[in-house]
Amino acid sequence: MERTQSSLLQIQPPTYGKLVTILSIDGGGIRGLIPATMLEYLESELQELDGEYARLADYFDVITGTSTGGLVTAMLTAPNPNDIQRPLFSAKEIKPFYLEHCPNIFPQNKYMLGPLGKLFRSLAGPKYNGKYLHNVVRKKIGETRVHETLTNIVIPTFDIKSMQPIIFSTYQSKRTPCMDARLFDICISTSAAPTYLPGHNFKTEDTEGNVHEFNLIDGGVCANNPTLVAVNEVTKQIVNQNNDFFAIKPMEYSRFLIISLGTGTPKNEQKFDAKMTAKWGLLNWLAQSGSTPLIDIFSQASGDMVDFYIATFTQALNCQDKYLRIQDDTLTGIDSSVDIATKENLEKLCKIGERLLKKPVTKVNLENGMCEPTGNAQTNQEALKRFAKILSQERKLRELTSPRTNNNLK
């Protein structure tokens, strides 16, 4: 039965269903427009099934994102001040947000000395000062904290002072008060890509008045594809016997349903090789052919390793039909840039996302790392439609079996 807006409930715990549902969004700057297209389509399919007020936060136990994906995660899960049971943004509002604000987040300044001037500017400090990003995120998200999100979130960052990953999650925020940070601070931190945006310092306070300081940069340096981080957070809850996962056993990964969205890569372009890099010094690794090779390599490697691992264990458990990775490794030139936010390039990225919907579902070739069609002739659009039906059925099952839902309906 289709619900009205006022009666929509948040997703019931996995213990009342058959699956643990995870949505993951990679980092990639302005290339966040590519997964935004997938999210818009998936949410529209859920609305076809369950009514126009359906939102992604109603169907996923965990939404996780790094960098630009972390910002999207916050947008999809932060409560709307005008209706706290609904998220701040619907999926279809993400692309307009990027199109409006990215040109100001990443202004395309004209340098007097051309590429040489741009290089000297990048050596002197971050390419962008981050002020506009800070202002727009603060204005949109306000003082919302991790524990207030409409479903569980997991957002990785990296503490440059302690030299270790810092994972902000709803689960941890309930257990460790100092980790219940503002979403604003987390979004700014996970987006602080080295050489592009400045790191972020902030402090939190626990219930006893103890102050905890964070010195954070982009989560992409450790987990540009945060899928495995989310799986790990859920596994910890199962091992620690969290009641939300009472019916699920540790290592029961065949019950995980995972949608992992990439932001595109230029892997097929193959523009660098060993001969070219053999004589590179520091400047070459930091600025070459309009990109930052060192940062690109780290983010690409961390993303691929996660896909390799999850693709392997889902195949081993014969549950690969519950894992969907959507990635485009055919980007070239400025398409693969994280910050060339011209109107033409942003619109082109939207079209790349639309074309990706029509492309066949791919899986990673564990031998050469390339994305290859699965052979089932299904497109990404058809796969998302299939996953939407599973998510809708899972949600309905939980509503039927959850005492909390039944008590609310009395």
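At what angle do the axes of helix H13 and helix H14 cross? I shall open with that contact, and then turn to a second helix pair, a salt bridge and the internal cavities. Please bear in mind throughout that this is a predicted model.

Helix H13 covers residues 343-358 and helix H14 covers residues 380-401; their axes cross at roughly 75° and come within 5 Å. Angles from 65 to 115 degrees count as roughly perpendicular, and therefore H13 is described as roughly perpendicular to H14. On the H13 side, the residues in contact are Leu-356, Leu-357 and Lys-358, and they meet Asn-380, Gln-381 and Leu-384 of H14. By class, this contact has three nonpolar residues, two polar and one charged.

Helix H14 appears again in a salt bridge. Which residue pairs with Arg-398? The partner is Asp-61, and the closest N and O atoms of the two are 2.6 Å apart. Side chains of opposite charge can pair when their charged atoms come close. Asp-61 sits in the loop between helix H1 (33-50) and strand S2 (62-65), whereas Arg-398 belongs to helix H14. The two residues are 337 apart along the chain, and the pair thus links distant parts of it. In total, the structure holds 14 salt bridges.

The loop that carries Asp-61 follows H1, and H1 brings me to the second helix pair. The axes of H1 and helix H3, residues 94-105, come within 9 Å and cross at roughly 155°. Because angles over 145 degrees count as roughly antiparallel, H1 is roughly antiparallel to H3. From H1, the contact draws on Leu-33, Ala-36, Thr-37, Leu-39 and Glu-40. From H3, the residues are Ile-94, Lys-95, Tyr-98 and Leu-99. Six residues of this contact are nonpolar, one is polar and two are charged.

I now come to the interior. How many cavities of 30 Å³ or more does the structure hold? There are two.

The largest cavity contains about 80 Å³ of space. It is lined by 13 residues, and those closest to its centre are Lys-267, Asp-304, Asp-307, Gln-327 and Cys-371. Helix H12, residues 293-316, gives the largest share of this lining, with five residues. In terms of class, the lining comprises five charged, five polar and three nonpolar residues.

The second largest cavity holds about 40 Å³. What is the make-up of its lining by class? Eight residues are nonpolar, one is charged and none is polar. The lining consists of Leu-71, Met-75, Leu-88, Phe-89, Phe-97, Val-136, Val-137, Lys-140 and Ile-141. Helix H2 (68-77) and helix H5 (131-141) each contribute at least two of these residues, and H5 provides the largest share, four residues.

To close, I would recall two points: H13 and H14 are roughly perpendicular, and the Asp-61 to Arg-398 salt bridge joins distant parts of the chain. Thank you.

Conventions: Residues numbered from 1 in each chain as written. Predicted model: local features only at pLDDT ≥ 70, side-chain atom pairs only at ≥ 80, totals over all residues. Heavy atoms only, no water. Axes fitted to C-alpha atoms, helices over the stretch in contact; angles between N-to-C directions. Parallel < 35°, antiparallel > 145°, perpendicular 65-115°, else oblique. Contact = heavy atoms within 4.5 Å. Nonpolar A, V, L, I, M, F, W, Y, C, P; charged D, E, K, R; others polar. 1 Å grid on protein atoms, 1.4 Å probe; cavity = no way out; pocket = protein on both sides within 12 Å on 5 of 7 lines; lining within 4 Å. Points joined across faces, edges and corners; volume = space filled by probe spheres on them. Salt bridge = Lys/Arg side-chain N within 4 Å of Asp/Glu carboxyl O.
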